[in-house]
Amino acid sequence: MIDQEESPGLELEEFTVLHPSPIDASEMAPSSLFYNSFGAMRPNIKNLRQGIVDPEVGKHNSRPKRPPPRFSTINGVYLRCIYNIISAVYYLRMGTVVAQCGLLLSMGMIVICAVITTVTTLCTAALVTNGKVKGGGIYYFISRSLGADWGGTVGVVFAFATTFNSVLQVFGFVEVVRWLIGKDITADGKWDIPIIGISLATVQVLSISLSLTFDFYFQNFMSVLIAISLVVIFFGFANPNSPKWLISNIKDNLYPDWRDGHDFFSVFSSFFPACCGIMAGSNISGDLKDPQKSIPAGTLGAIWTTTGIYLITAVILSSAAVRDVLHVDLNILMSISLWKPLCIAGCLGASISSSATALVDGPKLLQAICKDKIMPKFMDFFAVGKKDTDDPVRGFILAYVIVVICTFIFKDLNTVGIALTNFFLISYVLVCFSCIIGTVSRSPTWRPTWKFYHPAVAVFGFVLCTVAMFLMNWIFALCVIGITAILYCAFHLSQATTANWGSFTQALLYTEIVTNLKKLTGAPYHTKNFRPQVEYLILGKEDFDNQVRNIAPFKEVADVSHSLLSISLWGNNHDDSSENLPSCFIRRWKDLDLKTVATAIKQCGYGRMTPNMLSFYWQHKMISMPEIFDLVGAAFDANLSVSISRGFESLDTSLEHRWPIDVWWLLDDGGMTLLIAYLLSEHSVWKECKLRVFAIANKAEMLDQRQIKLQTLINQFRIPAEVIVITGIENDPRPETKEQWNNYELQKIQENEKKINSFLRLREMILDHSANSTIVIVSMPLPRLAIDPTFWLTMIDFVSDAMGPFMWIHGNNENVLTFTI
């Protein structure tokens, strides 16, 4: 099943108008409309060849109406993340951090936390910019990029970590309330935590279950309190009744003073939850106007802002109190602020705000996972939301039960912090590891546009978070990793078939390949998993060396996309021709005519591992070989894409090339022409070559409009390319071009003069704009049954003659590119 999504940010006209191809009026110019779930249907490639008109072609549904996105980078991500990062831990444990670690090590710890969250955000940005973003947060990004097993694992772990964060905030609220009361409310304070904590959780779950609208406005009010409390902390020096800020205190508080059995990692585990909350913006990705821009920029801005706040606060604390006071007074921030009640209100506001957010985000994430039906059947119960708003009330109640149980299990904020830190770190490990998997998979669809991402960043984040987990508590780390591994195996093996493992390495490899082939064959098709699998046809021994040299671009495509390149030898004189061919999959066709060979090639392979593109080298003599026309037509009839190359025998692939790769994308064939060009540009040989996409507008007044639309389409494919739209296809060819065409002596061919002139002008345009390009790739016109084979063959030869490396390409009119993650 092909799953394309609608493209954001385009004008309505883009969805209602299709323009004909400048070289074939029966086909359409590239348009985003073909890649949308509600968009137009392309004509069947076989019907096109036969001239059969399908009345449904070009029709499309109206664009689905959705509520407009509400949030921008600032109010949707930046502020939301800040107010989720600044939690009760900041108010209640920052003094302890400075007391135990000293100022220098405290600042180092804050920076380490910032590095961890920054690296995770860079990896999240890579996932977010790898396609069109919908709602569902980090679970959606990963599951749509790497599959249900990885997405489900990350989703469940992060849903639990987010929900568990509510437990931490409830304990912070309890600690402040008990401090304000000044005495136990039950005998020996035994039931203080459950009574206060359950009371807060009950009010919150009732509020969010009734309406999230009230919670939204309440969160804004809490955010104002937090902002005001930060101001009174930073201006505490103006309070004559608060301790003086002294340089001598800073000197005394520079270095660590470990007490009560603490060390760096125990303090780190208690403090790290004050740096979490970085996914708050990602969790509302569906409500953001431009999530691909807002999530990276807003989250990174929030991380660096809160890091600055924490560093300033550490300096303030080290200057405002002596070491013994810092050790004893857990509420030291309130004591040194400009006005204590406002600081207390900010602390309570942070606890309530973060707790409510966690109670909402965790269940919403769980609901998204359950809706995808990748969990056990009984979990479908939590996929159902309120009738009018789809709010996951059942999930809210589940989260409430978890909070209630934890108020009886845990005894203080520090213990909850250690557990929560490990769950968040394993979540960040999985985010980084997901990017590593995306990179090593070498999938053509893994092309994030976030320019600050590099695989080394993901590896660094993965190692840093893993090491931090083990240094804090290796037993807890092993338990968390074990739980995560069990979750992954449960998702991964839920549809696995039983394998008969052999006792030798070769037997194991064989069984694994066969098992995966069966799973791949049975899995629903998705455009994101497409890889070009080229069958290169060598036609006889004549000009054999040049035919072999023209395999080069297809070999590079196979290398970049990690797909298969097969070679077919046609003719009776290839007995000794298979040596040194760049493929381990070689077939021989001795007694079949060419037309039958194309059909037979389509039947080769197993399941998905069958060729989907037929390619061969063009020779000038083929203008008098109508069997080549039949070969290409039979390939299209077999639902294969076709590529014809020439000129690569003059290209030295051992050198690094810098001239551009030009794509003349003149008709929408599903994106195959563009995909091949992109894959070539990703190979080390052509890595420095700029990718340019040329389009032809029939009228000058369409120039700007077509330029904007095509550039938007290319950007949504995450393909870095310059779009150039030119006009003039309708002009008369130059006299010298007509003279060269007449040299082919085609007087007997009765073709429309306008059609002939369009191809003559196409040749002139390509020579004018792409004569010095490294590679020229052009959309190939179909060999229709109504066309004289000699005319089509001559046109193929004439347009590509006198060029450098040149490729004609036409897909099978099925999408091989998509917007979606």
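How many aromatic pairs does a search of the whole structure find? The search turns up 31. Keep in mind that this is a predicted model.

## Aromatic pairs

One of these pairs joins W150 and Y488, and it counts as tilted: the rings sit 4.7 Å apart centre to centre, with 40° between the planes. W150 belongs to helix α5 (residues 148-181) and Y488 to helix α17 (residues 474-492), so this pair ties together parts that are 338 residues apart in sequence. W150 has 12% relative accessibility and counts as buried, while Y488, at 22%, counts as partly exposed.

F381 and F382 give us another pair. Their ring centres are 5.3 Å apart and the planes meet at 85°, so this one is edge-to-face. Here F381 is partly exposed at 44% relative accessibility, and F382 is buried at 14%. Elsewhere, ring pairs link up into a cluster made of F158, F264, F265, F268, F272, F424 and Y428.

## Nonpolar cores

Now for the nonpolar packing. The largest nonpolar core has 143 residues, and Y90, Y91, F271 and Y310 are the ones with the most contacts inside it. Helix α3 (residues 88-128) is the top contributor to this core, giving 23 residues. A second core, separate from that one, has 58 residues, including V597, L760, V776 and F798.

What does F271 touch, leaving aside its neighbours within four places in sequence? The list is V89, M94, V97, M109, I110, C113 and Y310.

## Cysteines

How many disulfides does the count come to? Zero. Take C275: the nearest cysteine sulfur belongs to C113 and is 3.9 Å away, so with a 2.5 Å cut-off for a disulfide, C275 is in none.

Is C275 buried or exposed? With a relative accessible area of 7%, C275 is buried. C81 is another buried cysteine, at 0% relative accessibility.

## Helix α15

Helix α15 covers residues 413-440, which makes 28 residues. From its first C-alpha to its last it reaches 40 Å, close to the 40 Å expected at 1.5 Å a residue. The helix is mostly covered, too, with 21 of its 28 residues buried.

Both ends have a detail to look at. At the start of α15, a side-chain oxygen of D412 comes to within 2.9 Å of the backbone nitrogen of T415. Just after the helix, R442 takes a positive phi of about 55°.

## S641 in strand β5

S641 lies in strand β5, which runs over residues 641-646. Is S641 buried or exposed? Its relative accessible area is 1%, so S641 is buried.

Which backbone nitrogen does the side chain of S641 reach? That of N812, at 3.3 Å. Setting aside neighbours within four places in sequence, S641 is in contact with N612, M613, L614, M672, H810, G811 and N812. So N812 turns up twice here, as a contact of S641 and as the residue whose backbone nitrogen the S641 side chain reaches.

Technical notes. Residues are numbered from 1 along each chain as its sequence is written. This is a predicted model: local features need pLDDT of at least 70, side-chain atom pairs count only at pLDDT 80 or more; totals for chains, interfaces and linings use all residues. Side-chain values use heavy atoms; hydrogens and water are left out. A nonpolar core is a set of buried Ala, Val, Leu, Ile, Met, Phe, Trp, Tyr and Cys residues joined through side-chain atoms within 4.5 Å. Buried means under 20% relative accessible area, exposed over 50%, partly exposed in between (1.4 Å probe, protein chains only). Helices (H or I, at least four residues) and strands (E, at least two) are DSSP runs, numbered from the N terminus. Contact means heavy atoms within 4.5 Å. The expected span of a helix is 1.5 Å times one less than its number of residues. A polar contact is a pair of N or O atoms within 3.5 Å; within protein, one must be able to donate a hydrogen and the other to accept it, and residues adjacent in sequence count only if both atoms are side-chain atoms. Rings of Phe, Tyr and Trp (its six-membered ring) pair if their centres lie within 6.5 Å; planes under 30 degrees apart count as stacked, over 60 as edge-to-face and the rest as tilted.
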